[in-house]
Amino acid sequence: MQANHGERGRGLVLVGYRGTGKSTVGRIVADRAGREFVEVDAEIERRAGRSIRAIFAEDGEPAFRDMEEEAVRGLVRDFPGAVLATGGGTVMRATNRGLLRGHGLVVWLRAEPAELARRIEADAISFATRPALTAAGPLAEIPAVLAARTPAYREAADHEVEAQGHAPERIAEQILALWTAGA
Ligand SMILES: Nc1ncnc2c1ncn2[C@@H]1O[C@H](COP(=O)(O)OP(=O)(O)OP(=O)(O)O)[C@@H](O)[C@H]1O
Ligand SMILES: O=C(O)C1=C[C@@H](O)[C@@H](O)[C@H](O)C1
Ligand SMILES: [Mg+2]
């Protein structure tokens, strides 16, 4: 696949479960690096003119996943060199993993299920606008869904970074160091 590094050098991609801090950390990294920051979930909602919860409810998850792939394709084409935050499930498609790798360095933000449950429950907007993925519900499903996805996160990523136990600024610095080192 053709790498999409643009004039400003290669981009950065953050992958990881909901609540790992992709948006929070990604914004800090982009700001410090003077790069654009883009998000797959926001791009899906912008293109569809609906919330992710509405897309799941009205069209179903398979249609959402097709929209997600198109959003990834559009973002890597239109924002070379940007910091790109993925959705929690974006890495599950091999096509997406290839597109993300073509964009730049891929970093997996890792956190434990209990920490993710605390964050997701506390984030009222995310809790209200993102659907559960299984009948177990958005909090109870975390251990099983995270375990099922771990091989895909690992396969997608060049690096794993601990996303808990440190402030977002500190995590952003670690990622900046990896990115600028060209590791
Ligand atoms: N290192 C951290 N320590 C403690 N809390 C954090 C940390 N990083 C992010 N958070 C908090 O966790 C919540 C989720 O963060 P954020 O929205 O950035 O995650 P996300 O991966 O973008 O989630 P989503 O997939 O739902 O978009 C927010 O309330 C944020 O303030
Ligand atoms: O983990 C997931 O599969 C999802 C995470 C969110 O970022 C959204 O992309 C959507 O709610 C699906
Ligand atoms: Mg986010």
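Is Leu99 buried or exposed, and how many C-beta neighbours does Leu99 have inside 10 Å? The structure shown above is a predicted model, and this residue offers a convenient way into it. Leu99 has 21 C-beta neighbours inside 10 Å and therefore counts as buried, since 20 or more such neighbours within that distance is the requirement for the class.

Leu99 belongs to helix H5, which covers residues 94-103. Beyond its close neighbours in sequence, within four places, Leu99 is in contact with Val72, Arg73 and Val76. For one of these partners the separation may be stated exactly: Val76 is 23 residues away from Leu99 along the chain, yet their C-alpha atoms are separated by 7.3 Å.

The next residue to consider, Leu100, also has its place in helix H5. Leu100 has 25 C-beta neighbours inside 10 Å, and so it too is classed as buried. With residues up to four places away in sequence left aside, Leu100 is in contact with Val13, Val72, Thr86, Val106 and Ala156. Separation in sequence does not by itself give the distance in space, as another pair shows: Leu100 and Ala128 are 28 residues apart along the chain, and their C-alpha atoms are separated by 28 Å.

From these single residues one may turn to the nonpolar core. The largest such core has 45 residues, and among these Val15 and Val107 touch the most other members. If neighbours within four places in sequence are set aside, the contacts of Val15 are Thr86, Thr90, Val91, Val106, Trp108, Tyr153, Ala156 and Ala157. Thr86, Val106 and Ala156 appear among the contacts of Val15 and also among those of Leu100.

Glu36 presents another environment. This residue is found in the loop between helix H1 and strand S2, the latter formed by residues 37-39. Glu36 has 16 other C-beta atoms within 10 Å, and for this reason it is described as partly exposed. Not counting residues up to four places away in sequence, Glu36 touches Ala30, Phe79 and Ala82. Glu36 and Gly11 are 25 residues apart in sequence, and the distance between their C-alpha atoms is 9.6 Å.

The packing of two helices may be examined next. Helix H3 comprises residues 52-59 and helix H4 residues 61-78; their axes come within 7 Å and cross at roughly 130°. Because of this angle, H3 is described as oblique to H4. Where the two helices meet, H3 contributes Ile55, Phe56 and Asp59, while H4 contributes Glu61, Ala63, Phe64 and Met67. By class, this contact contains five nonpolar residues, two charged residues and no polar ones.

Finally, the model contains ligands, and the residues around them can be described in a similar way. Ligand 1 has 19 residues around it, of which Arg18, Gly21, Lys22, Ser23 and Thr24 come nearest. Helix H1 (22-33) and helix H9 (168-180) each supply at least two residues of this shell, and H1 gives the most, with three residues. Sorted by class, the shell around ligand 1 holds nine polar, five nonpolar and five charged residues.

Around ligand 2 lie Arg18, Asp41, Ile52, Gly87, Gly88, Gly89, Arg130 and Leu133. This shell divides into three charged, three polar and two nonpolar residues. Arg18 is named both among the residues that come nearest to ligand 1 and among those around ligand 2.

How values were computed:
Residues are numbered from 1 along each chain as its sequence is written. Chains are lettered from A and ligands numbered from 1 in the order in which they are written. This is a predicted model: local features need pLDDT of at least 70, side-chain atom pairs count only at pLDDT 80 or more; totals for chains, interfaces and linings use all residues. A nonpolar core is a set of buried Ala, Val, Leu, Ile, Met, Phe, Trp, Tyr and Cys residues joined through C-beta atoms within 7 Å. A residue is buried if 20 or more other C-beta atoms lie within 10 Å of its own, exposed if 12 or fewer, and partly exposed in between; C-beta atoms are placed from the backbone. Two residues are in contact if their C-beta atoms, placed from the backbone, lie within 7 Å. A residue is near a molecule or strand if its C-beta atom, placed from the backbone, lies within 6 Å of it. Ala, Val, Leu, Ile, Met, Phe, Trp, Tyr, Cys and Pro count as nonpolar, Asp, Glu, Lys and Arg as charged, and the others, Gly among them, as polar. Axes are lines fitted to C-alpha atoms, for helices over the stretch in contact, and angles run from 0 to 180 degrees between N-to-C directions. Helices (H or I, at least four residues) and strands (E, at least two) are DSSP runs, numbered from the N terminus. Angles under 35 degrees count as roughly parallel, over 145 as roughly antiparallel, 65 to 115 as roughly perpendicular and the rest as oblique.
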